[in-house]
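Student: Could you walk me through this model, beginning with the metal site?
Tutor: Gladly; here it is.

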Amino acid sequence: MGYSALLSGNNDPNNKGDLQEGFEMVGEPLDKATDAEIGGAGRNTWPEELPAFREAALRYYHAVYQVGKRMLPLFALALNLEANFFEEKTNKATAMLRTLSYPPQNGHASDGVIGIGAHTDWECFTILWQEPSKLALQVLNSQKEWIDAPPIPGTFVVNLGDQFARWTNGIFKSTVHRAINRSGQQRYSVPLFFGANWDARLDPIPGCVSPERPLRYEVITAGEYVKAKLAETYGH
Ligand SMILES: O=C(O)CCC(=O)C(=O)O
Ligand SMILES: [Fe+2]
C-alpha cells in the first residue's frame with residue numbers, strides 16, 4: 001500500500017484508467033511503525049518527505065474505523081439479527097483508507113477516462129468524506145440512472161459494498177458509483193473501506209438463502225475477495 005499515480009488504476013473494465021491519484025493505506029498502530037504485514041493486505045510505504053502525513057492519516061483512519069465499528073450493530077438490527085451478529089467476523093476488521101485527488105476534467109466522459117469509473121466497493125461498507133462544494137460523485141439507481149451525490153456539509157456518504165452483498169445473498173446491494181470531477185478545480189475525497197476480518201468467510205447469513213433466492217455467490221474469504229479485486233483493478 002502506498003502512492004498510486006494518475007491512471008494507475010481502472011475500476012471499470014470498459015474504461016482506460018481512472019483520472020485520480022492518491023495514497024492507499026491499511027491500519028497500523030500510531031505509536032510504532034510496524035514491519036509486519038497487516039492482515040495479509042500488505043504494509044504501508046509512507047512518503048519520507050512528508051513526516052506529518054503518517055500521523056494525520058493514521059489518526060483519521062483510527063477515528064473513522066471506530067465509527068465503522070459502531071455502525072455494524074445497526075446493519076445487524078436492520079437484518080433482524082442480534083446486534084452483535086457481526087462482532088466475530090469483524091473483531092480484526094481490515095479497513096483500507098485512500099486519500100484521493102482528482103484533477104479537473106473538461107468536456108464529456110466519452111473517451112473512457114473519468115475520475116473513477118463505475119464500480120462497487122469491495123468491503124462491507126464505505127465511509128466517504130468528500131471535499132465540500134465540489135460535485136463529482138454519482139450513484140446508479142434501480143432505474144439505471146446516474147444520480148448526483150453532492151457533498152453535504154458535516155456528513156459522510158455511506159455506500160454498501162460487496163462483502164455485505166455476499167453475506168446477505170444480494171438482499172443488501174452494493175451501490176454502483178463513479179466520480180467525474182467537472183468542478184473546474186482539483187477535488188479531494190477520502191474513502192475508508194470497512195472490511196471484514198481477512199479470514200472471515202463470506203457465507204450467507206441464515207435466512208438469506210431460500211428456494212426463491214438461491215445462493216448467488218461462491219463462498220470465499222474476505223481477504224481472497226479483496227486480493228482478487230486489487231489484482232483486477234491495479235494489476236498487482
Ligand atoms: O471520490 C469519490 O467520491 C469516490 C471514490 C470511490 O468510489 C472509491 O475510491 O472507491
Ligand atoms: Fe468506490
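**The iron site and its surroundings**

Student: Which protein donors does the iron ion (ligand 2) have?
Tutor: The iron ion (ligand 2) has as protein donors His 119 (NE2), Asp 121 (OD) and His 177 (NE2), at 2.1 to 2.2 Å; donors are N, O and S atoms within 2.8 Å of the metal (3.2 Å for Na, K and Ca), and water is not among the atoms, so sites may look incomplete. This is a predicted model, in which local features need pLDDT of at least 70 and side-chain atom pairs pLDDT 80 or more, while totals for chains, interfaces and linings use all residues. Residues are numbered from 1 along each chain as written, chains are lettered from A and ligands numbered from 1 in written order, and side-chain values use heavy atoms, leaving out hydrogens and water.

Student: And where in the chain are His 119 and His 177?
Tutor: His 119 is in strand E6 and His 177 in strand E11, 58 residues apart, with strands being DSSP runs (E, at least two residues) and helices likewise (H or I, at least four), numbered from the N terminus.

Student: Are those two histidines buried or exposed?
Tutor: Both His 119 and His 177 are buried, meaning under 20% relative accessible area, with exposed over 50% and partly exposed in between (1.4 Å probe, protein chains only).

Student: What's the strand order in the open sheet of 4 strands?
Tutor: The order is E6-E11-E8-E9, with antiparallel pairing, where a pair needs at least two DSSP bridges. Strands E6 (116-119) and E9 (146-148) are at the edges with a single partner strand each, so one side of each lacks a neighbour in the sheet.

Student: Switching to H4, which residues are exposed there?
Tutor: Lys 227 and Glu 232 are exposed, on the other side of H4 from its buried residues, which include Tyr 225 and Leu 230.
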